[in-house]
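Work through the exercises below with the sequence and the structure at hand. Each task is followed by a solution in steps.

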Amino acid sequence: MSTPQLVVHRDKELMAQAAAARLITKIVDAQASRGSASVVLTGGRNGNGLLAALAAAPARDAIDWGRLDLWWGDERFLPEGDPERNHTQAREALLDAVPLDPKRVHPMPASDGPYGTDVEAAAEAYAAELARAAGPENHSAAPTFDVLMLGVGPDTHVASLFPEMPAVRETERTVVGVHGAPKPPPTRVSLTLPAIRSAREVWLLAAGEDKAQAVAIALSGAGEIQAPAAGAHGRSRTLWLLDRTAAAQLPRSLYPPASP
Ligand SMILES: O=C1O[C@H](COP(=O)(O)O)[C@@H](O)[C@H](O)[C@H]1O
């Protein structure tokens, strides 16, 4: 398990731009060394802010978009094209503007898709898609994603793993259906903590005053059932990308030395 590293930026705009630059470099490096890259996207304000910053970055053309696999950490279980779906928001922020290979884009199923409103079947289907992509050499039910991004909710939720709910307690499956989420919509599909931990790097994004308490709790030794963000780790790196307001309640001992 990698120890969390923290980077604090002046504000959310700079955080989004710096994270986008960091992601471009990661993808380009992974494509250079392994031929392709795989990234797990997050929904929410900070995740979409990063995608919009990436769309505006001239260096985005350094990415070979046709050799990039995109997955999602969670999805709001709504009809295809619903403006609240994380997939729809990612398309608007970036995906529709770049030449991705559609076969390498892996949105989670919609509630009017092949599984209808059966969220458990939708979760099982996504788990099967992950397992196929993992291949036998991975010895895992999920691929070793290069970067997996997670927005941190004000209640410390990541993906659709909310405090104390059954999904955050899952230890076997890689994907689960979520019922009764405290944040609308109540029905969701989510990667589990074991799937999240199969990534090489996990990046947690939090900007804004409303995230300050969650960041402080998750980084101060809370358990993952009470604070799901505390259980999100990458195999080789766990990176918290924050802005000053989100870092404001961190104990001084955790605050990185060279921060503004
Ligand atoms: O509903 C969700 O919320 C979280 C956090 O969103 P934010 O707007 O508070 O940053 C997000 O990471 C997750 O993907 C999404 O489904």
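The exercises go from the whole chain to one helix pair, then to single residues and backbone details; the model is predicted.

**Exercise 1. Overall form**

Task: State which secondary structure elements the protein has, and decide whether its radius of gyration agrees with that of a compact globule.

Solution.
- Step 1. Counting elements gives 7 helices and 9 strands.
- Step 2. For 260 residues, the radius of gyration expected of a compact globule is near 18 Å; the protein has 17 Å, so the two agree.
- Step 3. The C-alpha trace spans about 50 × 40 × 35 Å along the principal axes.
- Step 4. Of the 260 residues, 48% count as buried.
- Step 5. Among contacts with a separation of 6 or more, 76% are between residues 24 or more positions apart.

**Exercise 2. The pair H1 and H2**

Task: Describe how the axes of helix H1 and helix H2 are placed, and list the residues that make the contact.

Solution.
- Step 1. H1 covers residues 12-34 and H2 covers residues 44-56; their axes come within 8 Å and cross at roughly 65 degrees.
- Step 2. Angles of 65 to 115 degrees count as roughly perpendicular, and H1 and H2 are therefore placed in that class relative to each other.
- Step 3. The hand of the H1 and H2 crossing is right-handed.
- Step 4. On the H1 side the contact is made by Lys12, Ala16, Gln17, Ala19, Ala20, Leu23 and Ile24, and on the H2 side by Gly49, Leu50, Ala53 and Leu54.
- Step 5. Sorted by type, the residues of this contact of H1 with H2 are 8 nonpolar, 2 polar and 1 charged.

**Exercise 3. Helix H3 and Ala90**

Task: Find the buried residues of helix H3 and name elements that cover them. Then examine Ala90 and classify it as buried or exposed.

Solution.
- Step 1. H3 runs over residues 86-93, and its buried residues are Asn86, His87, Thr88, Gln89 and Ala90.
- Step 2. The cover over these buried residues of H3 includes strand E2 (37-41), H2, strand E3 (68-72) and strand E4 (74-76).
- Step 3. Ala90 has 21 C-beta neighbours inside 10 Å and therefore counts as buried.
- Step 4. Leaving aside residues up to four places away in sequence, Ala90 touches Leu41, Leu51 and Leu95.
- Step 5. Ala90 and Ala131 are 41 residues apart in sequence, and their C-alpha atoms are 24 Å apart in space.

**Exercise 4. Two residues of helix H6**

Task: Assign Leu219 and Ile217 to a burial class, and list what each touches.

Solution.
- Step 1. Leu219 belongs to helix H6, which covers residues 212-219, and Ile217 is also found in helix H6.
- Step 2. The cut-off for a buried residue is 20 or more other C-beta atoms within 10 Å.
- Step 3. Leu219 has 21 C-beta neighbours inside 10 Å, so Leu219 counts as buried.
- Step 4. Ile217 has 18 C-beta neighbours inside 10 Å, so Ile217 counts as partly exposed.
- Step 5. Not counting residues up to four places away in sequence, Leu219 touches Pro4, Leu250 and Leu254.
- Step 6. With that same exclusion of residues up to four places away, Ile217 touches Thr156, Ala222 and Ala227.
- Step 7. Leu219 and Glu13 are 206 residues apart along the chain, with 23 Å between their C-alpha atoms. Ile217 and Thr187 are 30 residues apart in sequence and 26 Å apart in space, C-alpha to C-alpha.

**Exercise 5. Backbone exceptions**

Task: Find where Thr156, Ala159 and Pro185 lie, and describe the backbone geometry at each.

Solution.
- Step 1. Most residues other than glycine have a negative phi, and most peptide bonds are trans.
- Step 2. Thr156 has a positive phi, near 75 degrees, and is found in the loop between strand E5 (147-151) and E6.
- Step 3. With 26 C-beta neighbours inside 10 Å, Thr156 is classed as buried.
- Step 4. Ala159 lies in the loop between E5 and E6, and its phi is positive, near 50 degrees.
- Step 5. With 34 C-beta neighbours inside 10 Å, Ala159 is classed as buried.
- Step 6. The peptide bond from Pro184 to Pro185 is cis, with omega near -5 degrees.
- Step 7. Pro185 is found in the loop between strand E6 (175-178) and strand E7 (188-191).

Conventions: Residues numbered from 1 in each chain as written. Predicted model: local features only at pLDDT ≥ 70, side-chain atom pairs only at ≥ 80, totals over all residues. Axes fitted to C-alpha atoms, helices over the stretch in contact; angles between N-to-C directions. Helix = DSSP H or I, 4+ residues; strand = E, 2+ residues; numbered from the N terminus. Parallel < 35°, antiparallel > 145°, perpendicular 65-115°, else oblique. Left-handed = near helix turned anticlockwise from the far one by under 90°. Contact = placed C-beta atoms within 7 Å. Nonpolar A, V, L, I, M, F, W, Y, C, P; charged D, E, K, R; others polar. Rg over C-alpha atoms; globule rule 2.2 N^0.38 Å. Buried ≥ 20, exposed ≤ 12 C-beta atoms within 10 Å, placed from the backbone.
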